Amino acid sequence: MSFNQDFDQHGAWRKQFALRLRLLSEWLADHDLMDPGVRDRLEQLQAQVKNDKIMVAFVAEFSRGKSELINAVFFAGYGRRIMPASAGRTTMCPTELGFDAEVPPCLRLLPIETRLQPQSLLDWRNAPDKWERVDLDVNDPKQLAKAIQKVAEVRRVSKSEATALGFWHENVPEDNPLVGSDGLIEVPKWRHALINMAHPLLKQGLVILDTPGLNAIGAEPELTVSLLPQAHAVVFILAADTGVTKSDLAIWRQHLAVLGEHNGSRLVVLNKIDTMWDDLSTPEQVQLQIASQRSDSADILGLSTHQVLAVSAQKGLLAKVNGDDTLLDASNLMALEAALGEGLLGQRRRILRSVVASGIQSLRHETGRLVHTRLRDLVEQVQELEGLRGKNAGVIKQMRLRIEQEQADFDASGAKIQAVRSVHLRLLKDLFALLSSTHLKAEVSELARALKQPGIKLGVRRAYGQTFERLRADLERSHKLAGDIQLMLEGSFKGLNAEYGFSLQAPTPPQLTHYVRELDLIEKSHLQYLSLGNTLRLAQPDFAERLARALMSRLRGVYDTAVNEVELWNKSAASQLDAQLRERRRNFSRRIEAVSRIQQAAGGLDERIRELQSLQADLHSVEVKLSELTDHLLVAPEEEPASVASA
């Protein structure tokens, strides 16, 4: 199965899930089961699946055929090249291809001069008026390709301007671009490009990141410390005839090797195998040469051979456009697509469905507790009314007085419940303070000062290590505090359950230690910039400033995600308590109403008991339907019978 087919299947599952989630939401609202905690859980599930993005990053030195590979895998359906893939340098700035329904089809370009200003790339994303915009006609492949050609545009600048922009380093001459006869230096015209188009794969959540070569990668820290680590798969392209060159190895070691533990989907592509097709060699000899290059490349990069694939992107694109199955088979492009589908999508599906399954189980438990509370109240009411059979008016009146007294006692006990809330909120305040952006900024301030000091950054590596030690300690403290809150909730809920007959259950606490692993990845991705080889680059104030901004932006993202998880946990606990308080108050009202009806009519007792028994039967049906609807949410399209999938 090709990558495109695999992605179609993944998209079908997401659409089916969204439809079934909407049906569940409507059903819960119709049956008065949509309390705030359940609503939050539904919204989280909806957002997780709707906004799930799968980013594939393509990384290579210049002229390795990277853009051509993107054309061959994703855009052959246009019958021509869409990404610029002519000889020489093509993609001069990092280019993201994705789809946002809120934005019309367009190419947005961030001027390279923004590097001279203090804002991070994340900040610039939130300032759309600062980008140059070119509208795209997705139904006109020629116009589309011409517009996207702008990502290859360059400017010629003086050495001083190139230095300020981060493309010229007097002390690292081997990284510098060539100087023209006019004394000017060629640099990218754009810092970053965003392409928004309704390509079928992009509409389903695929994001393609096309990166420039080594010089541009190193000059933009946010690319390597933020975008690449967030990619779900990285495809590293080499030339099949040369294998791993010195510059290829530099990119791998500095920017990609660190992703190994975090990113299981790393593929290396030996491109342009057609250059090795030789009329003077037999097909067997050619295959032996290719196999040797694969093995050697795998050894040098520390990978297994199955992670290194040999393809011809140009012949694969040509074969797809012309419908030439023989050439397509020879290009080996479909093997790459299969590896992307099985590795990338398979892994992503498993992660997403695991998260979704956990959320659905929590949703089922929260809603099930509410149904259980109502059922228990109905059973108690029936038993209470059954005890009135054959009793005189005086006994019935006494029962009403007793219920009213219970109601008054319950209302008076609000102070106890409020005390639980107060302790919970006080502890939460401490937890949110540890995870706040203010606290994060204070913890990183020492490192920021070390990076901003002029000249050689003595002691910056020590400040860096100490900063991450503090951040890890903060997260460990946060995790311990969350555990203390959980113990408090469990104890308080147990007491309230015993005293008031509630069925409160403390929700699963947030796993904040997970974010310690995120910190480890960020730390490793930055260490490359603190090495001896980067001492001179780090001495440049503008580069150090960009590095500090990139670090803060990435850390803020981790902390914001942790805060969101804590907030969902808090809402789940609070809404549970609110729901059972609300149900208990409704129960008192229903009991008093039932006794009043019995006092007014002799036949009211039997009629009310029958009504309650009917409500019990309805709630049992609700339990069954809830299980059925949530079970359907866990079914993948390939696991369904055809009749169910088409229904």
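## Helix α11, the nonpolar cores and the aromatic pairs

In this predicted model, the buried residues of helix α11 pack against β9 (233-239), α10 (246-256), β10 (266-271) and β11 (308-310). The residues that make up this buried set are Val286, Ile290, Gln293, Ser297, Ala298 and Leu301. They lie on the same side of α11, because the arc that they cover around the axis is only 130 degrees. Such a pattern follows from helix geometry: an α-helix has 3.6 residues a turn, so residues three or four places apart point the same way. On the other side of α11, Glu284, Leu288 and Asp299 are exposed.

The length of α11 can be checked as well. Helix α11 runs over residues 283-301, and at 1.5 Å a residue its 19 residues should span 27 Å, which agrees with the 27 Å that separates its end C-alpha atoms. Just after α11 comes Gly302, which takes a positive phi of about 70 degrees.

From this helix we turn to the nonpolar interior. The largest nonpolar core holds 89 residues, and of these Leu24, Leu28, Leu431 and Leu555 touch the most other members. Helix α21 (residues 541-600) gives the most to this core, contributing 20 residues. Leaving aside residues up to four places away in sequence, Leu28 touches Leu33, Met34, Val38, Leu42, Thr367 and Leu626. Another core, of 50 residues, lies apart from the largest one, and among its members are Ile148, Leu201, Val311 and Leu336.

The aromatic rings give a further view of the structure, with a count of 10 aromatic pairs. One of them joins Phe410 and Tyr500 in an edge-to-face arrangement, with 5.6 Å from centre to centre and 90 degrees between the planes. This pair links distant parts of the chain, since Phe410 belongs to helix α15 (residues 393-412) and Tyr500 to helix α18 (residues 460-500), 90 residues apart. Phe410 has a relative accessible area of 6% and is therefore buried, the cut-off for buried being under 20%; Tyr500, at 10% relative accessibility, counts as buried too. Tyr500 also forms an aromatic pair with Phe502, and this one is tilted, with the centres 5.7 Å apart and 40 degrees between the planes. Phe502 is likewise buried, with a relative accessible area of 6%.

Elsewhere, Phe58, Phe74, Phe75 and Tyr78 form one aromatic cluster, while Arg353 lies over the face of Trp13, at 4.5 Å from the ring centre.

Definitions and conventions
Residues numbered from 1 in each chain as written. Predicted model: local features only at pLDDT ≥ 70, side-chain atom pairs only at ≥ 80, totals over all residues. Heavy atoms only, no water. Helix = DSSP H or I, 4+ residues; strand = E, 2+ residues; numbered from the N terminus. Expected span 1.5 Å × (residues − 1). Buried < 20%, exposed > 50% of the residue type's maximum accessible area, 1.4 Å probe, protein only. Arc of directions from axis to C-beta. Contact = heavy atoms within 4.5 Å. Core = buried A, V, L, I, M, F, W, Y, C linked by side-chain atoms within 4.5 Å. Phe/Tyr/Trp six-rings, centres within 6.5 Å; stacked < 30°, edge-to-face > 60°. Lys NZ or Arg CZ within 6 Å of the ring centre and 35° of its normal.
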